[in-house]
Amino acid sequence: MKKELENYSILNKEDFNKFFNTLLGKYNIFGPSKSDKGDKLNKINSADDLMLDYKNFKMSAKEFFFPQCETLLAFDPSTGIVKNRSEDVDAKNDIIFGIRPCDALALSFFDRVFKDGAPQDPYYTEKRHRSTIISLACLEPEPTCFCNAVGCDVDSETGADIILTQLNSRYLIKSVTEKGIEILKHLKTLIPATEDDIKEKDELMAKAKSGLKSNVEVKALKKKLDDFDASFWQTVHQKCLGCGVCTYFCPTCHCFDMTDEVCNNTGRRIRTWDSCMFPLFTLHASGHNPRPSYKERMRQRILHKFNYAQENYNEIFCVGCGRCIINCPVNLDIRKVIQEILEAK
Amino acid sequence: MKSIESEIKDLIKKLFSEKKIEVFIGYENGTLPLRTTPYFVSPNDDLDKLAWNRFCSNNLAVYLPRVVAKKKGGNSCKVGILCKGCDSRSVVGLIKEKQLSRNDVFIIGIVCPGIIDTKKILSEIKSSDIEHIDEDDENIMVKFKDGKKNFRKKDHLYECCINCEFTTPFVYDTLIGDGKSSSNTITSSQKVAEFSAKSRQERWQIFEQELTKCIRCYACRNACPNCYCKECFAEQTKPKWFSVTNDLSDIIFYHIGRIFHQAGRCVDCGACVRACPMDVDLRLFTRMLVDEVKERFGYDPGLNFEEAPPLTTFASDDKQEFITEPS
């Protein structure tokens, strides 16, 4: 077999259920399915529940690794018992199946923040070690997608262990990491891929890429953003309502708060999503707030993504999924904000 | 005949040149199909971008307290604002509750033909790739990737617009529009009537069901002109009223607190429902509140400056059948 074909294999669509059920026997699988909260990552109990014809689901994959509310530990002062959350873990490992390449890339940013640096976050790291990411390449990006502008793409592999591409009547499967290779080993449903398969994938990807219409240029942005007191901050925030939609839906926003909840002498320490768009985010105990208005809070969000993340991680903490654009109540479009900043004198 | 849009533009030009306003809050076309976005216009800004159409959904009154507050300290100045019927009622509410003074704002009232619910239209189109949008008096014509479809405007209005009694502002400085407001004949919501006819247990069940969708992003609160508290009870830490979790009990606590603070104040503009990214049908609860206030106290908020809000006053013949004896 040719070297470049080594990591590829083919799964015929009629074998999909068999393939999926084999994995279900060994792993807990979480994939996109319909729920009260819209299309999102849910536990999948049968291949039929899986919904793979979505464009991108409503909530990003981050809530799996970084839930909106997570109990870190529980305590009972009367007995002196402190119970760590990680004491009850499932015997099966997890597969996150069918997330988009942008969400997978976003997870790699989460890794940089919570797993690869110091101090390491044990809660996130534990879940991450237990899980394998199988992503699904985009064939039809949404009009709000701008991943190409921020260093992501319809077939980005970063963050994924395996990437699937839907070809005509079959899936092309590529294992990206050792973890991915391990999972696919000995699966009888998989057959070797040919050069024609790769060619078909390349054509599909080229077509998908042509569907990305954003012409936002972020390279020049960092320099503009180095000017902390630039005058454009006076205007770009104006219509922002200051709600948490953009940050909650963002697959890379990772700020949190920790609270001790105590009731009748027992309690728990929880970690919950926080948002730099909320005044409470930076409110000091003294009553002073260093980010007193919408302007400073909006500036923080933009700078964190497009400036500080570059300085600290050499990345842009935006994957262009467009969720903030779709869900913003006032259509405050991040692409337009970037454009306005670039055009500002 | 001059279009309403150009009438608005001429008026704003005049207001700026006469220095009657320093900033104007209106709409421009958005970056998403069938959407507009709030537009803050300064004297030298491009008025060409200013839009008035059937997608001008946001209630702009929400911005007034902060824009006015920012301008204070300098010379006294006015903020110009474009107000549909409901928006003008919000402005009146803000003035009545002393968040603004009448002199702070120049209200360009506009006779509202009813705003079109973008989500209703999009839910009928499979493709999100919209190529072209056109309209005539009755219809919105949408051309998308795999075809085209006509949507009757009056069948695709926001729920609150379907039952709107006050399409024409009562309070304004200038009124724009042809005057013949398309007064709605059905001023009560069937959906809300059905909900309020249910038993208390069933209503609670629906209330819970809706709120399980909530992610506590506070978009409903922040889009609401009535929610201007400098510090929301939901974020108070001293005292802390309830927890920050997304447990249903905490979510419910927040919504009960917010919704009940709207009694006698909510103008049913629908801003909260539209803002909700999770499609929680908050209007089921707020509109029921509106109806109950109207039924018990005969009060419609935001129509004038004189009438006292029902919760700040009492009359000897106030209905009190809802006051229950402690058992």
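Q: In which loop of chain B is the place of B:Pro239?
A: In this predicted model, B:Pro239 is joined to B:Lys238 by a cis peptide bond. The residue belongs to a loop of chain B, and the flanking elements are both helices. The loop asked for is the one between helix 8 (219–223) and helix 9 (248–260).

Q: Which residue does a cis peptide bond join to A:Ala118?
A: The omega angle of this bond is about 0 degrees. The partner lies in the loop between helix 3 (101–115) and helix 4 (122–129) of chain A. That partner is A:Pro119.

Q: Is A:Ser169 buried or exposed?
A: A:Ser169 sits in the loop between strand 8 (162–167) and strand 9 (170–175) of chain A. Its phi is positive, about 60 degrees, although the residue is not a glycine. A residue counts as exposed if 12 or fewer other C-beta atoms lie within 10 Å of its own. Because A:Ser169 has 8 such atoms within 10 Å, it is exposed.

Q: Is B:Asp268 buried or exposed?
A: The criterion for a buried residue is 20 or more other C-beta atoms within 10 Å of its own. For B:Asp268 there are 27 other C-beta atoms within 10 Å. B:Asp268 is therefore buried.

Q: What is the phi of B:Asp268?
A: B:Asp268 is placed in the loop between helix 9 and helix 10 (271–275) of chain B. The residue is not a glycine, yet its phi is positive. The value is about 55 degrees.

Technical notes. Residues numbered from 1 in each chain as written. Chains lettered and ligands numbered in written order. Predicted model: local features only at pLDDT ≥ 70, side-chain atom pairs only at ≥ 80, totals over all residues. Helix = DSSP H or I, 4+ residues; strand = E, 2+ residues; numbered from the N terminus.
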